[in-house]
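Visitor: Got a minute to go through the interfaces with me? Let's start with whatever you have at hand.

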Amino acid sequence: MPEGILCNKKTIDTKEQLDAILADASGNQYYEEMNHLDIDKVALWTTIRKTFKSRFKTWLEICAHCGLCAESCYYYLANNRDPKQVPSYKIKTTLGELIRRKGDVSNAFMQMCMDTAFAKCSCCTRCGVYCPFGIDMGIMFSYLRGLLFSQGFTPWEMKIGSGMHRIYRAQMDVTTEDWVETCEWMEEEWEDDYPGLKIPIDKENADIMYTLNAREPKHYPQDIAEAAVLFHLAGENWTAPSEGWEATSLTMFAGDWPACKMQVENVYAAMKRLKPKRVVGTECGHAYRATVIEGPYWAGIKTGQPPVENLHYVEWVAEVLRTGKLKIDPAKKIKEPVTFQDSCNYVRNAGLADIPREIMSYIAEDFREMKPNREHNFCCGGGGGLNGIGRYREERNIGFKVKRDQILATGAKLVVSPCHNCWDAIRDMEEIYHMGIKWTFLKPLLIDMVEVPEHLKPKEE
Amino acid sequence: MFKKILFATTASPSCDHAARVAFDTAKRYDSELTAFHVFGIPTRGFSQFARDVRTGETVTLDDDYLGWVKEEMKNTYARQLELHQKCTIEAIPGVPHTEILRAARKKDVDLIIMGSTTREEDEGTYTYRSTTGSTLQAVTKSARCPVLIIGRPVASAWGGFSNIVFGTDFSRAADSAFLFAYKVAKTFGCTLHLFHAYDISSVHSGKIMEQDEIEDNMMEAREKIRKMYVPRLKGFDDYEIDIWEGIPYVEIVKFARENYADLIVMAHHTRKPSSEKALLGSTVEQVVLRATCPVASVNRPDKIKDL
Amino acid sequence: MYQFVTGPLLWLSFAIFFIGCIVRIICYIRGLDWQADRVAYTTHFSYGIKGAIRSIAFWLFPFGTRSWRNNPVFTVVFFVFHIGLLVTPVFLLAHNIILKERWGFSLWTIPESVADVLAVGVIIAAVFLILRRIALSEVRILTTTYDFLVLAIAVAPFVTGFIAHHIASDYKFWVIVHVICGEIMLIAIPFTKLSHFVLFFMSRAQLGMDYGIKRGGMKGKGFAW
């Protein structure tokens, strides 16, 4: 059976393999090889038989084909109500067909499945909320991604992402040394402005352990500094682990389930090792979902809870503003109309809808809700790893239209978006559609707004 | 004088003057030079994409593109590379100021040389901007070593100076700038102008100052310079003290022009600015944009002790 | 013939129907896997039950959920159809008379006029559902012959019953057809999409537990369906 050099059923577990796939220009060779990739039908069907159980079976079986899911899907709306974008149709023609044929499918079919599972669904799970039977097609597409991954059918960037996690236990090539070094550097760079600022590494029994997204040490270290400053100003006893600081999981998007387990166990190990009272994760949607919501199940924890209580960054912010640990200078509240981007991963899929409203009530004078909002909010258009996939750029940009119109309808000039992927999506949206808006994480906003306690101010020279 | 120099370049014509100074200086002091280009700003979420800082286009970060960028840099600086062997070329994706600062720290360089670009060319105008302010502002604020910024064509490489203007605001950071200015003046035997511009920009907000008050303050500033800096010149007597009043960056630029300055040395000590202030830029930035000579920004003592 | 279809065949149909439904429920529950589904069903059972009840209850009320409210016409038709489908056969006077005759007990009954209204409601709703399947592109693309067949199985007893009672001259023939149609429906329930008769509750409960336990139910106020 032909296996490509880059595109194959093997996982990426060594640096050599990773370098080789990174060297491929835009994944050209990778996708070319994919055209010749054989399907191990026996293995595929065996996997399906083991994992395709009553929930999925029932979902596919009882779907009444009523079409109520159509309007729940932003792809359907953005593509001029193309019936081919109806969630039920999408899953029926992919996973449904795969099951019907008992895994006896062609290469072209698998590629069609991949294109559908990644470019027509960002696994936002909104359709499940609108189906009378509670058929969650987002979950089914996640499952399908897993089946596809096991057969080597996954977008180039997802294969890279999975490899990164397998090798570095982080979504990017950031080693422990790089990470610790970056913390030291940020401490140095910012302590002039915030005397006494520390980024305590590996402190045991702290009140808070901070976990984050590898893009921060890799490309945006000021995010780490900003987090440190806010912890510092709030007087928190906090720490960051030298190992197990990465909370994201591209393996979840890719459907590389074994690596999901490896990744999340690495973070849990840090929690067990440092025994913090609580863990706070950075402003990232899927990191929270991977580490807090889904992670315990990958790791096989029966309670479905991570070893230590975990907060999303917005929960921490709401808490410190509520308790007054951080005080907002009333004069610096946001005056212009501002809206909030509910991330599917921690709002619809983790029940944190109230938290952002509370935060906005503290920091904004003219807060405007998007419609719909909260659990019913639309995906930004870049979720499920879609932002990162070159092959599906076009499809993603069309999908943006729904979020664009939602934002424009609020009249807001600023979008608060505490999620790396939403942030990226809104930026790209602005570049493509020129909406005339700004967008931001919470941290830089807060840094500008909070009152610095007298004893933490830099001494005047 | 400088063992390791980092030349932070956009690998475009706007850095040509800076390139000349960087390579000539490295050659003169036999320094290790790194021509460092941060070519693409990556996304926040996971992707292999970056926004090319020059073209504004979205590019895929793979070996192909990286190789192409490096090759182009080699072509751009082919002549200089031939003349100075101890030079390496590096191109990486990232946020320019972050990567420049990271590289400077990691390589422990003694001097950063940057070109200054006009605002339109600056990557800060892209919405990719990740922090407030420009690359220049961020680098000058946080660098541990002197940062030499070259905007316009300059006559020579480092050295051959006749007049150095040290602009002070009496901050602690300015201490380091002074030390640097003094050492350079001593090395090259040129005139050191100790200059302070008394800020009367508050008149625009309606606060009228009496002339007496202004003059008193200027007298005081002169006295301060005498006390703070003159004793540390240790016998070096080719210095002049001048106090002008006005908007600091305008006055420094005017003063430098009138005194045929070859170099302006100042500190960039402003705090991390809030977004609104950052857009106006710091005094250093304003001076860089307007001055006809190179500007050295020095904030910290780390790298000038052994000069 | 009449004796046979309302006797042994009826027994058989009911047996298949009840046993089939129970088997479907048991199979469904046995096929749940806390780790694969990623829902800690048993550890947080109380949260799960709360979520399950919410998830079912909101959907059982017309306009109880966002999805119902967004589609008012469909919702009305849907509920007319399903209420008629469930209420009419169970509480119909004629059915209960037979029940009393055969098994010696009967249930509370609805007036004949109400039964007629409900039955006509079901038939009209079915026509609407058929038209909807044909007219709306997003439904048309999903529709298969099987969907029409299932609809036919569900509505046939109503059409035949109505004919027998109100129109036909040959009452005896139509009543036998009606009974057979009813039995086909009973038998079809466990084996076709009509299994949603029970699996609706299972599936909704499962997603409710998912939201109640994992996706925020333990932190938020419960999902706003």
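Guide: Sure. Between chain C and chain A there are 31 residue pairs in polar contact, both partners at pLDDT 80 or more. Keep in mind that the model is predicted.

Visitor: Which elements of chain C give two or more residues to the side that touches chain A?

Guide: Six helices of chain C are listed: α2 (8–30), α3 (34–37), α5 (66–70), α8 (112–135), α9 (137–140) and α12 (196–214).

Visitor: And which gives the most?

Guide: α12(C), with 11 residues on the side of chain C that touches chain A.

Visitor: How does that side of chain C split by class?

Guide: It has 22 nonpolar, 17 polar and 16 charged residues.

Visitor: How many residues does each chain put into the contact?

Guide: Chain C puts in 55 residues and chain A 57 residues. The area buried between them is about 4,600 Å². Carbon and sulfur atoms give 54% of that area.

Visitor: How many salt bridges between chain C and chain A?

Guide: Nine. One of them pairs C:Asp33 with A:Lys53, at 3.6 Å from N to O.

Visitor: Switching to chain A and chain B. What's the buried area there?

Guide: About 3,900 Å², with 48% from carbon and sulfur atoms. Chain A contributes 48 residues to the contact and chain B 38 residues.

Visitor: What about polar contacts and salt bridges across chain A and chain B?

Guide: There are 18 residue pairs in polar contact, both at pLDDT 80 or more. The salt bridges number six. Among them is B:Arg51 with A:Glu431, whose closest N and O atoms are 2.6 Å apart.

Visitor: Which elements of chain A give two or more residues to the side touching chain B?

Guide: These are α1 (15–22), α10, α11 (176–190), α12 (215–218), α13 (221–233) and α21 (420–433) of chain A. By class, that side of chain A has 17 nonpolar, 11 polar and 20 charged residues.

Visitor: Let's zoom in on one residue. Where is A:Trp156?

Guide: In helix α10 of chain A, residues 156–168.

Visitor: Buried or exposed?

Guide: A:Trp156 counts as buried, because its relative accessibility is 0% and the cut-off for buried is under 20%.

Visitor: What is A:Trp156 in contact with, leaving aside neighbours within four places in sequence?

Guide: From chain A, the partners include A:Leu22, A:Asp24, A:Tyr30 and A:Tyr31. From chain B, they are B:Gln48, B:Thr60 and B:Asp62. A:Ile21 is another contact, and the side chain of A:Trp156 reaches the backbone oxygen of A:Ile21 at 3.0 Å.

Visitor: How far apart are A:Trp156 and A:Asp24?

Guide: They are 132 residues apart in sequence, and 9.4 Å apart in space, C-alpha to C-alpha.

Definitions and conventions. Residues numbered from 1 in each chain as written. Chains lettered and ligands numbered in written order. Predicted model: local features only at pLDDT ≥ 70, side-chain atom pairs only at ≥ 80, totals over all residues. Heavy atoms only, no water. Contact = heavy atoms within 4.5 Å. Buried area = accessible area lost by both parts, 1.4 Å probe. Salt bridge = Lys/Arg side-chain N within 4 Å of Asp/Glu carboxyl O. Polar contact = N/O pair within 3.5 Å; in protein donor to acceptor, adjacent residues only side chain to side chain. Helix = DSSP H or I, 4+ residues; strand = E, 2+ residues; numbered from the N terminus. Nonpolar A, V, L, I, M, F, W, Y, C, P; charged D, E, K, R; others polar. Buried < 20%, exposed > 50% of the residue type's maximum accessible area, 1.4 Å probe, protein only.
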